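Please examine the following protein chain together with its fold. The discussion afterwards proceeds by question and answer.

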Amino acid sequence: QVQLVESGGGLVQPGGSLRLSCSASGHIFKVNDMGWYRQAPGKQRELVATITSDGFTNYADSVKGRFTISRDIAKKTVYLQMNSLKPEDTAVYFCNAEIQISITQRAFGSWGQGTQVTVSS
């Protein structure tokens, strides 16, 4: 069984920083693309940032220049460094990963349980 576990959320003042982490565990052959998504109350889940196994990154326009995604392939972990946080960044942040459980199996998407980020004074 594959599991993604996020950590690092919390309450922060506007202009502050947080670092989210997400680690994949279980019977895993390979982790391909990893990413972060978020969902604010009453809104659809949206992409925040993604990173490929080769290190190529993609960001939502709303977070460019403020957020940085990175990963440790050996640890099967993806990070999201969030700086200059704004109240509109408040949401539940979800980790996503494309996971292969064996060389003969196609990769499938897996989601973490989410971590709350609240930006408020």
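The exchange below treats the sheet, the hairpins, the core, the disulfide and two individual residues.

Reader: On what kind of model do the answers rest, and how are residues numbered?
Author: This is a predicted model, in which local features need pLDDT of at least 70, side-chain atom pairs count only at pLDDT 80 or more, and totals for chains, interfaces and linings use all residues. Side-chain values use heavy atoms, with hydrogens and water left out, and residues are numbered along each chain as its sequence is written, from 1.

Reader: Which are the edge strands of the open sheet of four strands?
Author: Strands are DSSP runs of E with at least two residues, numbered from the N terminus, and two of them pair if DSSP finds at least two bridges between them. The order in the open sheet is β1-β3-β8-β7, with antiparallel pairing. Pairing on one side only marks the edge strands, which are β1 (3-7) and β7.

Reader: Which residue is the bridge partner of Cys22 in β8?
Author: Strands β3 and β8 pair in the antiparallel sense over six bridges. In β8, the partner of Cys22 is Val78.

Reader: Which residue in the turn between β4 and β5 has a positive phi?
Author: The two strands β4 and β5 pair in the antiparallel sense over five bridges, and the bridge partner of Met34 in β5 is Ile51. Six residues lie between the strands of this hairpin, and the one with a positive phi, about 75°, is Gly42.

Reader: What phi does Gly55 take in the hairpin of β5 and β6?
Author: Strand β6 (residues 57-59) pairs with β5 in the antiparallel sense over three bridges, and Ala49 stands opposite Tyr59 in β6. The hairpin has five residues between its strands, and Gly55 takes a positive phi near 95°.

Reader: Which strand gives the most to the largest nonpolar core?
Author: A nonpolar core is a set of buried Ala, Val, Leu, Ile, Met, Phe, Trp, Tyr and Cys residues joined through side-chain atoms within 4.5 Å. The largest has 31 residues, and those with the most contacts inside it are Trp36, Leu80, Met82 and Tyr93. Several strands each supply at least two residues, among them β3 (18-25), β4 (30-39) and β8 (77-82). The greatest contribution, five residues, comes from β9.

Reader: How many residues apart are the two cysteines of the disulfide?
Author: A disulfide is a pair of cysteine sulfur atoms within 2.5 Å, and by this rule the count comes to one. It joins Cys22 to Cys95, with an S to S distance of 2.1 Å, and the link is left-handed, with -80° about the S-S bond. Both Cys22 and Cys95 are buried. Cys22 lies in strand β3 and Cys95 in strand β9, so the pair links distant parts of the chain, 73 residues apart.

Reader: Is Ser21 buried or exposed?
Author: Ser21 is found in strand β3. Leaving aside neighbours within four places in sequence, Ser21 is in contact (heavy atoms within 4.5 Å) with Val5, Glu6, Ser7, Trp36, Val78 and Tyr79. Buried means under 20% relative accessible area, exposed over 50%, and partly exposed in between, with a 1.4 Å probe and protein chains only. Because its relative accessible area is 17%, Ser21 is buried.

Reader: Why is Gln1 classed as exposed?
Author: Gln1 lies in the segment before β1. Leaving aside neighbours within four places in sequence, Gln1 is in contact with Ser25, Gly26 and His27. Gln1 is nevertheless exposed because its relative accessible area is 87%.
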